[in-house]
Amino acid sequence: MDSVNQLASSGTFRVLKEPLAFLRALEWLFAIFAFATCGGYSGALRLSVDCANKTESDLSIDIDFAYPFRLHQVTFEVPTCEGKRREKLALIGDFSSSAEFFVTIAVFAFLYSLAATVVYIFFQNKYRENNRGPLIDFIVTVVFSFLWLVGSSAWAKGLSDVKVATDPKEVLLLLSACKQQSNRCMAVHSPIMSSLNTSVVFGFLNFVLWAGNIWFVFKETGWHSSGQRHLSESMEKQSSSYGHGGYNRDSYGPSGGYNQPANLGQPAEEFGQQPSGPTSFSNQI
């Protein structure tokens with residue numbers, strides 16, 4: 001407890017106020033919501049088959065399914081309305097690849113965000129003492145931004161397929177008893193997909209966070225500092241060439257005005273001299 005108080009008093013946690021660490025903390029939190037809403041999902045739908053012979057009817061057929069949405073492995077039994085015989089059916093589709101890929105990205109993003117936040121808080125000096133830490137952080141951030149975009153897009157498509165495959169009206173088409181007009185089939189209860197919709201939203205929000213954090217991580221790398229140094233050097237060269245090569249300082253006088261050339265003063269001197277012709281003429285008069 002004393003070590004925690006000492007770290008808090010030393011101002012170590014102030015780094016969380018900076019955009020780099022603050023966005024990492026948000027990425028950690030949003031990754032939890034992403035894989036929790038998808039990986040922890042379980043849903044159910046209910047069908048009703050009312051046969052012409054009421055003794056053969058089954059008005060409550062529950063079909064449960066869950067992550068990773070290998071629906072072809074979800075089996076259920078329904079009456080055939082032909083005596084006591086029942087048939088065993090299964091849902092259609094396997095959407096585990098997109099769902100598991102999405103959850104895997106979320107879990108690894110959660111772990112990396114947690115580790116990066118710890119490094120920012122407790123090992124900030126070692127993180128910035130050379131360029132290796134920021135470069136690795138920058139590359140991983142770019143990779144995760146791409147993975148979040150691909151994973152969220154794939155899972156959004158997979159979710160739309162899951163909704164179609166678990167639609168009670170679509171499942172009723174699989175039942176042979178529902179193909180007879182004398183029997184009555186109904187969809188009693190549809191699965192609730194709100195948490196899965198939320199997972200897709202958090203997936204794209206994570207993409208926005210990771211993509212936005214690329215700039216702040218890039219500022220910590222040596223690439224950004226070298227670019228800034230090159231820009232400042234080029235500006236200094238331009239300013240020096242403007243000061244020394246753009247105008248000739250010799251054309252200015254000490255007082256800031258223009259120096260008149262020496263030959264401009266000669267006509268004034270010649271103008272001030274008295275011509276010899278008119279003087280001699282006056283003396284003769």
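In this predicted model, F69 is a buried residue, since its relative accessible area of 0% falls under the 20% limit that is used to call a residue buried. F69 belongs to the loop between β2 and β3, and its backbone is marked by a positive phi of about 65°, although F69 is not a glycine. The residue P68 is found in the loop between β2 and β3 as well, and the peptide bond that leads from Y67 to P68 is cis, with omega near 10°.

A positive phi is also found at C81, which is not a glycine either and for which the angle is about 60°. C81 lies in the loop between β3 and β4, the latter comprising residues 86-90. With a relative accessible area of 12%, C81 is likewise under the 20% limit and therefore counts as buried.

Considered as a whole, the protein has a secondary structure of 10 helices and 5 strands. Of its 285 residues, 32% are buried, while the surface that the protein exposes comes to about 17600 Å², with 60% of this area supplied by carbon and sulfur atoms. Among the contacts with a separation of 6 or more, 72% are made between residues that stand 24 or more positions apart.

Among the strands, β1 (residues 42-50) is paired with two others. Strand β1 and strand β2 (residues 58-66) are joined in the antiparallel sense over 7 bridges, and β1 also runs antiparallel to strand β5 (residues 184-189), to which it is joined by 5 bridges. The residue R46 illustrates both pairings, for its bridge partner in β2 is D62, whereas in β5 R46 stands opposite H189. As a general point, the side chains of a regular strand alternate between the two faces of the sheet.

Helix α2 covers residues 19-39, and its length can be checked by a simple calculation. The expected span is 1.5 Å times one less than the number of residues, so that the 21 residues of α2 should span 30 Å, and this agrees with the 30 Å found between the C-alpha atoms at the ends of the helix. The buried residues of α2 are L20, A21, L23, R24, E27, F30, A31, A34, T37 and C38. The elements that cover these buried residues include the helices α3 (96-122), α4 (124-128), α5 (132-165) and α7 (194-218).

Helix α5 also contains A154, which has a relative accessible area of 29% and is therefore partly exposed, as this value lies between the limits of 20% and 50%. A154 and A99 are 55 residues apart in sequence, yet their C-alpha atoms are 8.2 Å apart in space.

On the surface, a nonpolar patch of about 410 Å² is made by F13, L114, V118, F122 and F123. One of these residues, F123, is found in the loop between α3 and α4. The relative accessibility of F123 is 43%, and because this value is between 20% and 50%, F123 counts as partly exposed.

Key: Residues numbered from 1 in each chain as written. Predicted model: local features only at pLDDT ≥ 70, side-chain atom pairs only at ≥ 80, totals over all residues. Heavy atoms only, no water. Helix = DSSP H or I, 4+ residues; strand = E, 2+ residues; numbered from the N terminus. Buried < 20%, exposed > 50% of the residue type's maximum accessible area, 1.4 Å probe, protein only. Contact = heavy atoms within 4.5 Å. Pairing = 2+ DSSP bridges. Areas by Shrake-Rupley, 256 points an atom, 1.4 Å probe, with all protein chains shown as cover. Patch = residues over 30% accessible without salt bridge, like charges linked within 9 Å, V, L, I, M, F, W, Y side chains within 5 Å. Salt bridge = Lys/Arg side-chain N within 4 Å of Asp/Glu carboxyl O.
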